[in-house]
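Please open the model in your viewer and keep the sequence panel visible beside it. The tour below proceeds by selections, each followed by an account of what is found there.

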Amino acid sequence: MFGHFCGGEDLRTIQPTVENLKRSGIGGILDYAAEADVGADVTISTASADSDVPTTTRSNQALAREYSYQTERQCDANVKIFETAIRAVHGVTPDGFAAIKVTALGNPILLERWSTALREIYKLFGRMDVDKDGMVTFEEFTNVWNQLFVGDSMEIIINDMFKRFDKKGKGFIDPIAWTTTLDPPLMRRLAGYCKKQGSFAQAVLTTDEEKLVKSMQSRLRRLVALAADLNVRLMIDAEHTYFQPAIDNLVLSMQREFNKNTDCVYQTIQCYLKDARTRNQLFMDQARIENWQYAVKIVRGAYMHQERDRAKKRGEEDPIHSTIEDTHKCYEEIMEDVISRENVQEGREKVNLVVATHNQSSVECTIRLLEEYGLERMESGVTKEWILC
């Protein structure tokens, strides 16, 4: 089994496998499969909230959230291993990919916490968007602010906050401006104005957690910078839904910086999720508005049973499509959305799509869509962006 699934343990042992595949016209994706999850039996710590030596805690009790320095050291070690994989891609299959998992770069409990904060940020936008047109006007912002927040000199605060989000003076806030502006420090400031300390205020990251998030961002940026220097494309895998908002945030920040003129960083969309198409469209819109190249891998998904069991235990809606047919439909719809986007059709960028599937009908759908949108007539090199796994 090891020989079947493992390409090798180092550059020397990987190279013959990659060269053998290349003779058959098959490229390579080097993946160091390190990831972590939030366990149900994490040891409870009795350290106080202001302890200088934190350890990860998980309990039904109201204990402090703390994080182990040992975990941080392991994440730093994982960075070095990922760097080795990136250099191996450059050395043995320069037209290939390296793949990484964000849960190997940061404490999974921190990722879950940060994802919860991001969800609260999205929910607040939904409350601000009273007429549900996808935009928040100054009038909507003011009315909802007065319902939720309190403080001195409210008119000055409201005007200042609105200008923070509406940097271009358009008179409204769109979802992209909202999510890119409302970072952890600003979220903490808003929480200080809350009339009630509800879910939004409770989701605010502590200053220590913010430092750990920055460390995670720094680790990922280090890897992306190396990949960019070596002209290696980097796929960042999707993971459990309770980590995904934080992962999306990290990936988008890297794409903004490194995908200005090339497809260095690839997002991953799991199409068995009900919100997959909406999220993909939002990411494509961000790329178009901010003028960087969108690059994405689409998969069906890998955590179905865990996701459904967790949702059931928590009394939440099942995030997974009800039927396999719905997942297939979502997969093909997203594929078409990516292929047919305006920048591709007008020749301003390549498709930058990895179709990760074992499904014959998906491969046939890919070929059909390429033909329908005339991509088979594009210049040589563009269609090489297509990877059929």
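Begin by selecting Asp-263 and Arg-233, whose side chains form a salt bridge with the closest N and O atoms 3.7 Å apart. Asp-263 lies in the loop between α11 (244–258) and β6 (265–270), and Arg-233 lies in strand β5 (residues 233–236), so this pair ties together parts that are 30 residues apart in sequence. Colour the two residues by accessibility: Asp-263 counts as buried, at 8% relative accessibility, and Arg-233 is also buried, with a relative accessible area of 12%. Please bear in mind throughout that this is a predicted model.

Next, select Arg-277, Lys-329, Glu-333 and Asp-337. Salt bridges that share partners join these four residues into one network. A search of the whole structure finds 28 salt bridges, and the next two stops show further examples.

Select Glu-209 together with Arg-113. Their side chains meet in a salt bridge, at 2.8 Å from N to O. Glu-209 belongs to helix α10 (residues 207–229) and Arg-113 to helix α4 (residues 108–128), so the pair ties together parts that are 96 residues apart in sequence. Are these residues buried or exposed? Glu-209 counts as buried, because its relative accessibility is 1%, under the 20% limit. Arg-113 is buried as well, with a relative accessible area of 9%.

Remain on helix α4 and select Lys-123 and Glu-120. Both lie in this helix, three residues apart, which is about one turn. Lys-123 forms a salt bridge with Glu-120, and the closest N and O atoms are 3.2 Å apart. As for accessibility, Lys-123 counts as partly exposed at 49%, whereas Glu-120 is buried, with a relative accessible area of 10%.

Now display α4 and α11 together. How do these two helices cross? Their axes come within 7 Å and cross at roughly 85°; α4 and α11 are therefore roughly perpendicular to each other. To see the contact itself, select Leu-111, Trp-114, Ser-115, Leu-118, Arg-119 and Tyr-122 in α4, which meet Gln-244, Pro-245, Ala-246, Asn-249 and Leu-250 in α11. By class, this contact of α4 with α11 has seven nonpolar, three polar and one charged residues.

A second helix pair deserves a separate view: display helix α14 (residues 324–339) and helix α16 (residues 360–372). The axes of α14 and α16 come within 11 Å and cross at roughly 25°. The two helices are therefore roughly parallel to each other, and α14 passes α16 in a right-handed crossing. Select Tyr-331, Glu-332, Met-335, Glu-336 and Ile-339 in α14; these residues meet Ser-361, Ser-362, Cys-365, Thr-366 and Leu-369 in α16. The contact of α14 with α16 comprises five nonpolar, three polar and two charged residues.

For the final stop, select Thr-13, which lies in helix α2 (residues 11–23). At 27% relative accessibility, Thr-13 counts as partly exposed. Which residues does Thr-13 contact, leaving aside its neighbours within four places in sequence? Add Gly-7 and Gly-8 to the selection, for Thr-13 is in contact with both of them.

Key. Residues numbered from 1 in each chain as written. Predicted model: local features only at pLDDT ≥ 70, side-chain atom pairs only at ≥ 80, totals over all residues. Heavy atoms only, no water. Helix = DSSP H or I, 4+ residues; strand = E, 2+ residues; numbered from the N terminus. Buried < 20%, exposed > 50% of the residue type's maximum accessible area, 1.4 Å probe, protein only. Axes fitted to C-alpha atoms, helices over the stretch in contact; angles between N-to-C directions. Parallel < 35°, antiparallel > 145°, perpendicular 65-115°, else oblique. Left-handed = near helix turned anticlockwise from the far one by under 90°. Contact = heavy atoms within 4.5 Å. Nonpolar A, V, L, I, M, F, W, Y, C, P; charged D, E, K, R; others polar.
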